[in-house]
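Thanks for making time for this. I will go through one structure from the overall figures down to a few local details, so please keep the view open while I talk.

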Amino acid sequence: MNRTAPTVLIAICVASLSGCSSPNPEKDQIAREGAERNALVSAAHDHPAMKGEKDAVGKPLPPLPGVDVPAPKSTSTHEHEPEHNHH
Amino acid sequence: MSSDYSAFKAMAVGIGIIFAGVALAPAVTGGRFDMVRMSKGLAKGKNGGGFTATPPTTPTTPTTTTDPPPTTSTNSFYSELSMVPSNFEVSSELVASWGSGAIPPSASPDVVGAFRFICNAGQLLKDDPIVYPGQPGKSHLHQFYGNTSANAYSTYDSLRTSGSSTCMSPLNRSAYWMPAMLDGKGSVIRPDYVAIYYKRRPITDPKCSLTSGDAKAEGNCVPLPNGLKFIFGYDMLTGKARTGSLYFNCDGPGATQGHYESIPAAIATCPAGAKIGAVVNAPSCWDGKNLDSPNHRDHVTYKEYGSWGYAKCPDTHPYVIPDFTLQAWWSIGADDDLSQWRLSSDEMRPDLPHGSTFHADWFGAWDNTVMSMWMDNCINKKLNCSGGDLGNGKQMRMFAGFSWTASPRLVPVPQ
């Protein structure tokens, strides 16, 4: 942890109006994130499409390049020029 | 007294502008929407509602496409491209939420409204429409999510008018991508799913306006501008990443959840049967003028907690757009050797632990009508929306074939 992280955690604590008195705000934050993610996964499992409602099911995906079909041929013979790579 | 009156007058003017904006705005699902989104209803290339179309003011990288230059709309508040309506019936991709039209609960005690959904992994390409537009095969291998047609030639207009979406529905034709995860043995490991969140304070929150009189205002809250795109996470040029903006995690049986700086740090407590996750948070402060920038980062930035003690956008980037979080999750199999897992971009920094070059790209292309739905309801009514619930009794359809486990999970690295 660097010296700004405690400030960030305190600010998150204040902003979320919870956990301010917790002795371990970082652990609480991680637990909240996990709960939020699990809630999303649970909700997605309950999507009408997952429950068999046909009207809630959209069209299938087309073949995905690089996955279902070969990716288009690269026009470069090497991945990148180091001096141009700024990504 | 005079300073109090000036503050009151400023607040009254601000409130007056809000009421005027609501009165003039076209009705959208009966909810309020950000008064700055006056471009609703504008067809491409048309002006109206006090807007003036001007040539793009941002420096753009030349592309090899023959599309006409996009029309930029400017209003009194910020610049964006003209909206491009979906080329299909929007209502055909909407269903009654949860089968009943239920409205989600309030997000309180949280101070932000939230809109969340799940995506599957999409195409694998050595393309990057932001960094290498019109130059297929130029970049390291990317794992795409969202628009299935996204590639080196993608523009806002092309994303808006083509492709399906791995993020539930083509109502969201945005494209998101990140370096592909490689197993070190010649294969790409595709994530099982990606969780995406958009969060922001409601427009009525005094902290959402610099003229509200709230001394701790974050900035001026706005929707996602049409045509915005940016990179975030590890920066190859500086060798740095915004502290706290990205990390790895572990979840499942026997896992210890945490914020880990690298893949090796995460896998130490991430056994087979669990999932390893890569989480990245995007900047949410925008300069209001540029939809891109030469390094594809400078037009956006993160809120800062400084000596003033609260999060706010800097004066250079006073517009608050919804916070965007992307989480990609991979299953760990019994035969996997996680010590060999690395991101495709890690080869540029072999001196750093695997995963250190984690970064992501965001290229927005929502249907504006649908974006208004989740902005008006999930965000501005501070609701807790999940699973593509738009907060107004409607929910996005899920594409046929969605799977909770990646299929295929391993794919030969495309040559």
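**Chain B, from surface to core**

Chain B exposes about 15400 Å², and carbon and sulfur atoms supply 57% of that area; accessible areas here come from the Shrake-Rupley method with a 1.4 Å probe, and for residues only the protein chains shown count as cover. Before going further, I should say that this is a predicted model, in which local features need pLDDT of at least 70 and side-chain atom pairs count only at pLDDT 80 or more, while totals for chains, interfaces and linings use all residues. As for conventions, residues are numbered from 1 along each chain as its sequence is written, chains are lettered from A and ligands numbered from 1 in the order in which they are written, and side-chain values use heavy atoms, with hydrogens and water left out.

Of the 415 residues in chain B, 58% are buried, where buried means under 20% relative accessible area, exposed over 50%, and partly exposed in between, with a 1.4 Å probe and protein chains only. Chain B has four helices and 27 strands, taken as DSSP runs numbered from the N terminus (helices H or I, at least four residues; strands E, at least two). Among contacts in chain B with a separation of 6 or more, 72% are between residues 24 or more positions apart, a contact being heavy atoms within 4.5 Å.

Let me turn to one strand in particular. How many of the five residues of β23 are buried? Five of the five, across residues 359–363, so the strand is largely enclosed by the rest of the structure. B:His359, B:Asp361 and B:Phe363 point one way from β23(B), whereas B:Ala360 and B:Trp362 point the other way. On pairing, which DSSP must support with at least two bridges between two strands, β8(B) and β23(B) pair in the antiparallel sense over three bridges, with B:Trp177 having B:Asp361 as its bridge partner. Strand β13 (residues 229–233) also runs antiparallel to β23(B), joined to it by five bridges, and there B:Lys229 stands opposite B:Phe363.

B:Trp362 appears again in the lining of the largest cavity, together with residues including B:Tyr156, B:Leu228, B:Trp366 and B:Met371. A cavity is a set of points, on a 1 Å grid over the protein atoms alone, where a 1.4 Å probe fits but cannot get out, and lining residues have an atom within 4 Å of a point. Grid points are joined across faces, edges and corners, and a volume is the space filled by probe spheres set on the points. By this rule there are five cavities of 30 Å³ or more, and the largest has a volume of about 60 Å³.

Finally, some backbone geometry. Most residues other than glycine have a negative phi, and most peptide bonds are trans. B:Met168, however, has a positive phi of about 75°; it sits in the loop between α2 (156–161) and β8 (175–179) and is buried, with a relative accessible area of 2%. B:His296 has a positive phi near 60°, in the loop between β16 (285–286) and β17 (300–301), and is buried at 3% relative accessible area. Cis peptide bonds join B:Ser108 to B:Pro109, with omega about 15°, and B:Ser407 to B:Pro408, with omega about 0°.

How values were computed
1 Å grid on protein atoms, 1.4 Å probe; cavity = no way out; pocket = protein on both sides within 12 Å on 5 of 7 lines; lining within 4 Å.
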